[in-house]
Amino acid sequence: MTFLIGDLERDAITELLNIAIGQAAAGLSQLVEDEVRLSVPFVDFLTPDQAARRLDIETKGGDAVAVRQHFNGPFAGDILLLFPERRSLDLVRHMLGDEVPLSQLTELEQEALQEVGNIILNGCLGSLANQLNMRVESSLPTYLRGPGSRILAGGGVGGARDAATDSQGLAMFLHVDFALLNKDIDGYLAFIMDIASAERFVDAVRAYLDGRI
């Protein structure tokens with residue numbers, strides 16, 4: 001699938017996603033009442049199984065936590081906000097205040113991460129849909145924890161299951177830098193689509209490049 005994405009499409013998708021992550025940062029800034037800067041140093045275009053292996057490398061084989069939303073529209077799939085477990089604790093602790101003991105954090109972590117994920121994922125999806133002049137609907141966020149490869153390979157990841165077993169699907173794997181409350185924390189964002197949705201997405205990007213939308 002990824003060979004269908006040429007250099008022009010790659011550059012356009014990267015630009016679209018950077019605009020989308022900027023919109024998400026604005027929403028997150030309102031939540032924490034402080035400036036939040038999100039940036040995307042790179043976007044990798046992989047198959048879903050390659051993305052699963054990449055996440056396993058990034059987590060060094062340990063657990064990851066994720067907030068997932070399924071989306072439907074002209075193209076459909078899953079979008080996930082992902083962190084190695086320790087980094088998710090750092091993020092939540094800096095949101096809630098460093099004085100929160102780690103022993104109590106697990107009770108608040110899921111709720112806080114779902115709120116962060118809801119803002120970031122909806123911000124990204126909404127911006128991407130607006131830029132491509134499309135209507136996209138999404139599910140409520142779901143919290144996941146487990147080995148990175150299993151999260152992206154369909155272990156409990158709803159609509160990503162079929163895509164992740166399709167070596168010709170598309171995974172856009174983003175490394176996201178969070179500058180939050182004077183603390184730099186990095187995480188990952190992944191869009192997972194099956195082959196049919198990936199082709200419709202690339203067609204929409206080409207229409208965007210040609211000025212047809």
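## Salt bridges, rings and cores: worked exercises

Asp 203 is partly exposed, at a relative accessible area of 44%. With a 1.4 Å probe and protein chains only, buried means under 20%, exposed over 50%, and partly exposed in between. The model is predicted, so local features need pLDDT of at least 70 and side-chain atom pairs count only at pLDDT 80 or more, while totals for chains, interfaces and linings use all residues. Residues are numbered from 1 along each chain as its sequence is written, and side-chain values use heavy atoms, with hydrogens and water left out.

### Exercise 1. Confidence

Find the elements where confidence is lowest and highest in the chain.

*Solution.*
- Start with the scale: pLDDT is the predictor's confidence in each residue, from 0 to 100.
- Take the chain: mean pLDDT is 80, and 81% of the residues reach 70 or more.
- Go by element, using DSSP runs numbered from the N terminus: helices (H or I) have at least four residues, strands (E) at least two.
- Helix H6 (residues 160-164) is lowest, with a mean of 43, and strand E4 (residues 137-138) is highest, at 93.
- Look around H6: pLDDT is below 50 over residues 155-166, yet this stretch has 28 contacts in the model beyond near neighbours in sequence. Contact means heavy atoms within 4.5 Å.

### Exercise 2. The salt bridges of Arg 206

Determine which residues are joined with Arg 206 into one network of salt bridges.

*Solution.*
- Set the rule: a side-chain nitrogen of Lys or Arg must lie within 4 Å of a carboxyl oxygen of Asp or Glu. Side chains of opposite charge can pair when their charged atoms come close.
- Search the whole structure: six salt bridges are found.
- Take Glu 9: its side chain meets that of Arg 206 at 2.9 Å, N to O. This pair links distant parts of the chain, with Arg 206 in helix H7 (residues 195-209), Glu 9 in helix H1, and their positions 197 residues apart.
- Place Glu 9: helix H1 covers residues 7-32. Glu 9 has 12% relative accessibility, so it counts as buried.
- List its contacts: outside four places in sequence, Glu 9 touches Val 202, Val 205, Arg 206 and Leu 209.
- Check Arg 206: a relative accessible area of 29% makes it partly exposed.
- Take Asp 203: a salt bridge joins it to Arg 206, with the closest N and O atoms 3.7 Å apart. Both residues lie in helix H7, three residues apart, about one turn of the helix.
- Combine: shared partners join Glu 9, Asp 203 and Arg 206 into one network.

### Exercise 3. Arg 68 and Asp 78

Decide whether Arg 68 counts as buried or exposed, and do likewise for Asp 78.

*Solution.*
- Confirm the pair: Arg 68 and Asp 78 form a salt bridge, the closest N and O atoms being 3.0 Å apart.
- Place the pair: Arg 68 is in strand E2 and Asp 78 in strand E3 (residues 77-84), so the bridge ties together parts ten residues apart in sequence.
- Apply the cut-off: Arg 68, at 9% relative accessibility, counts as buried. Asp 78, at 0%, counts as buried too.

### Exercise 4. Phenylalanine rings

Classify the ring pairs Phe 71 with Phe 75 and Phe 71 with Phe 191.

*Solution.*
- Set the rule: rings of Phe, Tyr and Trp (its six-membered ring) pair if their centres lie within 6.5 Å; planes under 30 degrees apart are stacked, over 60 edge-to-face, the rest tilted.
- Count: the rule gives four aromatic pairs.
- Phe 71 and Phe 75 have centres 6.2 Å apart and planes at 80 degrees, so they are edge-to-face.
- Phe 71 and Phe 191 have centres 6.3 Å apart and planes at 70 degrees, so this pair is also edge-to-face. It links distant parts of the chain: Phe 71 is in strand E2 (residues 63-72), Phe 191 in strand E7 (residues 183-193), 120 residues apart.
- Gather: Phe 71, Phe 75, Phe 191 and Phe 201 form one aromatic cluster.

### Exercise 5. Nonpolar cores

Identify the members that touch the most others in the largest nonpolar core.

*Solution.*
- Set the rule: a core is a set of buried Ala, Val, Leu, Ile, Met, Phe, Trp, Tyr and Cys residues joined through side-chain atoms within 4.5 Å. In soluble globular proteins, nonpolar side chains tend to be buried together.
- Rank: among the 48 residues, Ile 120, Met 172, Leu 189, Phe 191 and Phe 201 touch the most other members. H1 gives the most to this core, nine residues.
- Inspect Met 172: outside four places in sequence, its contacts include Ile 13, Leu 17, Phe 45, Leu 189, Phe 191 and Phe 201.
- Separate: a second core has 16 residues, among them Leu 55, Leu 80, Leu 82 and Ile 192.
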